[in-house]
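This briefing covers domain layout, a record annotation and a few local backbone features. Please read it alongside the coordinates.

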Amino acid sequence: VASVAQAAVVEYTFNVGNLSISQLCQQEMIITAVNGQLPGPTIVATEGDTVVVHMVNESPYNMTIHWHGIFQRGTPWADGPAMVTQCPVHPGGNYTYRYNVTGQEGTLWWHSHISFLRATVYGALIIKPRGGTKAYPFPKPDEEEVVVLGEWWKDNVNELHVNATETGVPARHADAYTINGKPGDFYGCSDPNQTHKFELKQNKTYMLRIINAALNTPLFFKVANHSFTVVAADACYTKPYNTDVVVISPGQTVDALLVPDTGVAAMGGRYYMAVIPYDSAVNNDQPDRLYSLTNGTAIVDYTGGEATSTPMLPDMPKYNDTATAHRFLSNLTALVPNRVPLAVDTHMFVTAGMGDTFCGPEQTRCMPNPPINGTIFASSMNNASFILPKTTSMLEAMYRGSIAGVYTRDFPDTPPIVFDYTADEIEMNKTLKHTLKSTKVKTLKYNQTVQMVLQNTRFVSKESHPMHLHGFNFFVLAQGFGNYDETTDTAKFNLVDPQERNTVAVPTGGWAVIRFVADNPGMWFMHCHFDAHLDFGLGMVFEVQNGPTPETSLPPPPSDLPQC
Ligand code: C2O
């Protein structure tokens, strides 16, 4: 009988503070980082463990940390989004996050959940199976490597965020894409110390735990002369899926076995691992490219650091290759049939996209500054542009039963006017473009099954919004392009082995249908994981009510919960 390790408490201290680095031809710059590391420390736990993280805020900014993909059952106060589940930790303050990782295993991650600070405050969160790596439902790899994809910004990202929200002008895109915090060899002033190297051994097998921590950029990921067998996404096992390219949106994770082409393992050598943006906004009716197209790279080295040969670059997909993105994202399925709830209690149809806010006579609702021409750039879901409350967190308001002035319970189940993706711009403007700022929640009874059709709009541009739900995984039943059509598209639902995720990249100019069971009381943010879009209101919150027992009810807040 194999002995199974007892559940343990794994404890970390996160000192969030200044880190000085030189990047992209700039001399020195101060960024915010955890324990002086970029990416921050990797948390490693085993299924069933309790994770305790003491966060000490030595940075000059208000700070929170979110544990992306952790259900937080019974610990809603540890979820981390500022003003949704907690007031931020002020400079000089601290807060201890405490949660268990029961019923979850795989690759997740953590990041700051305030302003744009997650640009540099992020790291991996790995949950191993209780039975050890031999319990993997795929051939056990000899070794594992964490691959955290990110961005470099030449600006102070907190200022970028403040400028964007004050002026209503979206922040520009990143200056470089990084692998494990380093941009690689193809940007100006490349420094050999700023290329991450994976030292691999010939004839050993490797699993990559890939995380997209970039603020705003979906990425294509490849390794020259290698392909992949995907075995999990968002910490949910998938049927083995063979591909030469991984497509990953901000918020998503992919676990993949690295498969060398015939001859590579025997020959050894050096190869580039590379990322390039999938610029989902670019298509025929919107030709402007938003992102830099320089490859972020790392080196995969089988030579023990001996060889000096120039590595080969993989052949990357074109930046607007939606067909490749869609093939990858829609072909994943769950490893084993999962229990998809068949009866739906709450049906929602939600438009998500960019547009502008109409301030009209209510200029004060264009927060924080009324614009000159009466409108300001905004994003919305069902025409409601989300803003965070200012004085108390939503979860505290819910817990105390005093929500006035904090949020309202009128998030609409459908858009104000039936949405038609094919309507011309003028018609669409009438139906959806002008939106007001608000803090609306959708209230759910405990244990309700929710189905949500997420329909991308196309104001400003069509784009693949990575929609992330806190507190739950959901099943992705179907995805498609154009208008979602209730009468024909329900036939496309996969109710047997749909992929289970916490972040779905809604196809650009299309839709995705998700389903989940609201069996976790609390305040759960759902939002676009492009921070530039979240800034402008592309979010909403589910308020899940208490169940019948103390165990299924909101616990009291921990005594060190920060005050606003
Ligand atoms: Cu990974 Cu609300 O975010």
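Is N447 buried, exposed or partly exposed, and how many other C-beta atoms lie within 10 Å? The model is predicted. N447 is partly exposed, because 17 other C-beta atoms lie within 10 Å, a count under the 20 at which a residue is buried and over the 12 at which it is exposed.

**Positive phi outside glycine**
- N447 has a positive phi near 75° although the residue is not glycine, and it sits in the loop between β24 (441–444) and β25 (448–456).
- N383 is another residue other than glycine with a positive phi, here near 70°.
- The loop that holds N383 runs between β21 (375–381) and β22 (384–386).
- N383 is buried, because 21 other C-beta atoms lie within 10 Å and the cut-off is 20 or more.

**Cis peptide bond**
- The bond from L38 to P39 is cis, and its omega is near -10°.
- P39 belongs to the loop between β2 (29–34) and β3 (43–46).

**Domains and their contact**
- The domain assignment splits the chain into domain 1 (1–134), domain 2 (136–333) and domain 3 (346–552).
- Between domain 1 and domain 3, 16 residues of the former are in contact with 15 of the latter.
- On the domain 1 side of this contact there are nine nonpolar, four polar and three charged residues.

**Record annotation**
- An unreviewed UniProt entry gives the feature "domain: Plastocyanin-like" at residues 18–130, 145–284 and 410–546.
- Residues 18–130 are 42% strand and 0% helix, with 36 Å between the end C-alpha atoms.

Key. Residues are numbered from 1 along each chain as its sequence is written. This is a predicted model: local features need pLDDT of at least 70, side-chain atom pairs count only at pLDDT 80 or more; totals for chains, interfaces and linings use all residues. Domain bounds come from an automatic or database domain assignment. Two residues are in contact if their C-beta atoms, placed from the backbone, lie within 7 Å. Ala, Val, Leu, Ile, Met, Phe, Trp, Tyr, Cys and Pro count as nonpolar, Asp, Glu, Lys and Arg as charged, and the others, Gly among them, as polar. UniProt positions are given in the numbering used here, feature names are shortened, and annotations may be inferred rather than shown by experiment. Helices (H or I, at least four residues) and strands (E, at least two) are DSSP runs, numbered from the N terminus.
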